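Q: I'm new to this and would love a close look at a single part of this protein. Could you walk me through it slowly?

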Amino acid sequence: MGLVAPPGGFGVVLTGATGMVGQAFLRQRGAHPVHALVRSPDGRDFGDGVHVVRGDLHGIPEALFPPYPYVVLHLAMKQRDTNHTGFERTNVDGTRRLLTRLRGDCRGVLLGSSMSVYGPGPHRGVKEEHPLRPITALARSRVAAEDVVTEHAVRTGMHAALLRPRFLLGRGDRFVLPAMVKLLKQGVQVGDDRVGCSVIDVDDLARILWRLASRMVETPHPEQQALNVAYARPLLRGEFLGTVAQRLGLERPAVKVRVPGALLRVMREVPSRRARAMAERLELLTHSQCLDVSRLVKVLGPEDLLSRSPVEALRSALNDFPS
């Protein structure tokens with residue numbers, strides 16, 4: 001049975017509900033109903049107000065779409081190619097299938113993309129107009145998915161927002177903070193103290209997503225645009241490691257590793273999946289990855305979420321990190 005939107009309200013069709021961002025989005029749901037496409041609910045409690053529809057991007061049931069105005073938040077993107085089948089089927093063909101199945105009063109699509117579409121960097125204040133130079137298969141599939149969403153939105157007259165965050169902190173983080181802590185415990189620092197990275201707490205990201213969804217329903221003139229998503233000030237490597245070391249009682253690294261750009265280029269050309277993956281990780285650690293978020297500030301209006309200190313957000317994430 002479908003849910004009922006409050007008078008004047010709207011719902012959200014959500015893919016990727018079990019992931020880090022999807023779970024945060026549901027935590028920040030408020031009174032809005034959510035229709036979530038889930039491949040395997042597995043007894044998970046999604047909470048009141050969430051209508052779980054079993055299926056996937058290649059088998060979308062009609063029941064996914066509500067009989068009232070709604071926005072699509074599409075997060076079901078393949079992030080790791082563990083089965084070596086590539087990213088095209090899920091990230092590009094799956095996105096296209098979702099869009100062709102939209103029914104009823106859909107006002108717009110929020111697509112979970114990534115800063116990786118700009119290429120390896122270093123990036124210091126990169127804007128959305130920057131040329132897209134993806135070098136990995138995953139990043140290329142994200143660019144293709146962005147094109148699919150934009151083309152569909154322009155053709156059908158709906159909103160589209162292509163969301164490009166870099167690093168996510170907070171609840172459910174299995175990569176960023178754990179990786180930094182692991183290096184710190186090994187006494188190794190990759191990249192110098194001035195390397196900057198754009199970050200945002202996943203629950204702050206979820207609050208922004210809800211505001212963007214509301215804006216799509218309230219704004220009659222459709223907009224299609226990419227949006228960098230992060231705190232306005234980047235987190236420097238020295239701040240990152242110093243904050244973590246202090247909170248966990250660890251020593252600052254005695255060994256600092258710098259990786260020449262030429263070595264990374266060679267590693268990317270080696271016909272080895274492992275070498276290319278290592279090159280990607282080293283690029284993320286040694287190249288600044290800093291976004292300009294002035295467009296998002298303009299879209300959201302006066303927005304204290306984006307002015308939050310990234311160091312304060314990191315301290316908050318450390319509160320939940322097992323020591």
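**A close look at helix H3**

A: Let's start with the whole chain: 53% of the 323 residues of the protein chain count as buried, where buried means under 20% relative accessible area with a 1.4 Å probe, protein chains only. Keep in mind that this is a predicted model, where local features need pLDDT of at least 70, side-chain atom pairs count only at pLDDT 80 or more, and totals for chains, interfaces and linings use all residues. Residues are numbered from 1 along each chain as its sequence is written, and side-chain values use heavy atoms, with hydrogens and water left out.

The protein chain has 10 helices and 15 strands; these are DSSP runs numbered from the N terminus, with helices (H or I) of at least four residues and strands (E) of at least two.

Now for H3, which covers residues 137-156. At 1.5 Å a residue, its 20 residues should span 28 Å, and the end C-alpha atoms are 29 Å apart, which agrees. That expected span is 1.5 Å times one less than the number of residues.

Which residues of H3 are buried? They are Leu-138, Ala-139, Ser-141, Arg-142, Val-143, Ala-145, Glu-146, Val-148, Val-149, His-152 and Ala-153. So what covers them? The cover includes helix H2 (88-100) and the strands S5 (106-112), S7 (159-165) and S12 (224-229). Contact here means heavy atoms within 4.5 Å.

Just after H3 comes Gly-157, with a positive phi of about 75°.

Stepping back out, contacts in the protein chain between residues at least 6 apart in sequence join residues at least 24 apart in 76% of cases.

Conventions: Buried < 20%, exposed > 50% of the residue type's maximum accessible area, 1.4 Å probe, protein only.
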